[in-house]
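Dear colleague,

I am passing on the structure below, together with an account of what came out of going through it. Please read the notes with the coordinates open beside you.

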Amino acid sequence: MRERSGRLMLAPDILLAAVLNGLMTGAIYALAAVGLTLVYGVLHIINFAHGAMLSAAMFAAYFAWLAGIDPYLALIGLAPTFFALGYALQRFVIAPASHGEDQNVLLVTLGLSIVIENVLLAAFHSDTRSIDLPYGFASLDLGFAFLPLPRVVAFGGACLVAAALWLLLRHTDTGKAIRAVAKEQYGAALMGIDVAHIYAVTFGLGAACLAVAACLLLPSYYVNPRVGEAYVLVAFTVVVFGGMGSVPGALIGGLVIGVIESLTGLFFGDNLGQLGIFVLFILMLLLRPTGLFGARA
């Protein structure tokens with residue numbers, strides 16, 4: 001019988017639909033986390049400007065749409081643009097201002113976050129904006145569930161970006177240099193690798209991931225100067241859950257956390273959806289501090 005609401009919530013088709021929708025949301029969390037974990041894995045610092053940069057990327061995608069460019073097409077131009085921006089920030093702002101001290105890097109990225117957010121607030125105020133696309137409310141009918149088409153595209157895009165990053169790190173000279181610097185920067189420098197350049201490339205890749213995430217988010221999400229904070233807060237949890245510095249861990253962690261959020265929201269209400277994320281975060285810190293794929297120091 002399905003007359004009781006509790007029994008209805010436990011129906012297999014509703015549970016499966018919640019899991020699938022959680023995977024769709026988790027893919028975006030993973031994409032935001034991939035850039036964060038990549039920067040941590042090489043530079044060994046937390047980029048506090050990550051959320052503000054995501055907000056900036058969302059505004060860039062929004063104004064590209066106002067100019068008549070579909071968000072999915074806009075990522076072709078925005079990804080390299082934000083790569084160049086991230087490269088320049090690391091090479092010409094963060095590195096010189098930090099003087100090689102990790103604690104200074106944290107302060108500089110925190111300062112960048114404040115500057116970017118306030119520039120966005122001054123330019124665009126705190127108004128919330130959204131876009132209207134022909135496919136914005138389209139859905140994919142699986143027979144037992146309807147999945148929003150923009151989220152399905154975002155899921156596929158996040159998986160493709162994570163796979164591309166993994167291939168780059170494993171099978172290209174730049175990727176090998178990134179892994180060498182992440183493992184031992186002084187040894188890498190002795191082998192002729194330009195460590196400062198690799199640092200900037202890594203930061204640029206993290207920024208490019210944010211640009212892709214922004215373009216995938218825009219068809220189904222709103223834009224305001226603080227929109228990045230909500231996603232990056234969860235992205236920090238994803239990074240810890242998957243393992244600091246692990247790209248596959250960020251992808252799998254994001255998907256798992258998306259499902260946890262969806263199921264928690266199903267049983268306890270949407271307002272408590274993220275409760276399950278932070279309970280899982282605390283359990284991971286207690287039981288496996290290195291995360292699913294993290295290595296011990």
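**Helix H5 and its surroundings**

In this predicted model, helix H5 covers residues 102–124, and its 23 residues reach 33 Å from the first C-alpha to the last, close to the 33 Å expected at 1.5 Å a residue. The buried residues of H5 are Val105, Val108, Thr109, Leu112, Ser113, Ile116, Glu117, Leu120 and Phe124. An α-helix has 3.6 residues a turn, so residues three or four places apart point the same way. The buried residues of H5 pack against three other helices, namely H3 (50–66), H4 (71–98) and H10 (227–242). After H5 comes histidine 125, whose phi is positive, near 60 degrees.

**Methionine 53**

Helix H3, one of the helices that H5 packs against, also holds methionine 53. With a relative accessible area of 4%, methionine 53 is buried, because that value is under the 20% cut-off. If neighbours within four places in sequence are left aside, methionine 53 is in contact with Asn47, Phe82, Leu89, Ile116, Phe203, Ala207 and Leu210; of these contacts, Ile116 is among the buried residues of H5. By way of a distance for orientation, methionine 53 lies 27 residues from glycine 26 in sequence and 20 Å from it in space, C-alpha to C-alpha.

**Aromatic residues**

How many aromatic pairs are there in the model? The count comes to nine. Phenylalanine 59 and phenylalanine 63 form a stacked pair, with 6.4 Å centre to centre and 25 degrees between the planes. Both of these phenylalanines lie in helix H3, four residues apart, which is about one turn of the helix. The two nevertheless fall into separate accessibility classes, since phenylalanine 59, at 2% relative accessibility, counts as buried, whereas phenylalanine 63, with a relative accessible area of 36%, is partly exposed.

A stacked pair is also formed by tyrosine 221 and tyrosine 222, for which the separation is 4.5 Å centre to centre and the angle between the planes is 20 degrees. Here tyrosine 221 counts as partly exposed at 23% relative accessibility, and tyrosine 222 is likewise partly exposed, with a relative accessible area of 31%.

Phe59 and Phe63 belong, together with Tyr62, Trp65 and Phe124, to one aromatic cluster. Phe124 is also listed among the buried residues of H5.

**The chain as a whole**

The secondary structure of the chain comes to 12 helices and two strands, and from the N terminus on the elements run α-α-α-α-α-β-β-α-α-α-α-α-α-α. The radius of gyration is 20 Å, close to the 19 Å that the globule rule gives for 297 residues, so the chain is as compact as a globular protein of that length. Taken along the principal axes, the C-alpha atoms fill a box of roughly 70 × 50 × 35 Å.

Of the 297 residues in the chain, 47% are buried. Among contacts with a separation of 6 or more, 75% are accounted for by residues 24 or more positions apart. The chain exposes about 14,300 Å², and carbon and sulfur atoms supply 68% of that area.

With best regards

Definitions and conventions
Residues are numbered from 1 along each chain as its sequence is written. This is a predicted model: local features need pLDDT of at least 70, side-chain atom pairs count only at pLDDT 80 or more; totals for chains, interfaces and linings use all residues. Side-chain values use heavy atoms; hydrogens and water are left out. The expected span of a helix is 1.5 Å times one less than its number of residues. Buried means under 20% relative accessible area, exposed over 50%, partly exposed in between (1.4 Å probe, protein chains only). Contact means heavy atoms within 4.5 Å. Rings of Phe, Tyr and Trp (its six-membered ring) pair if their centres lie within 6.5 Å; planes under 30 degrees apart count as stacked, over 60 as edge-to-face and the rest as tilted. The radius of gyration is taken over C-alpha atoms; the globule rule is 2.2 Å times the number of residues to the power 0.38. Accessible areas come from the Shrake-Rupley method with a 1.4 Å probe; for residues, only the protein chains shown count as cover.
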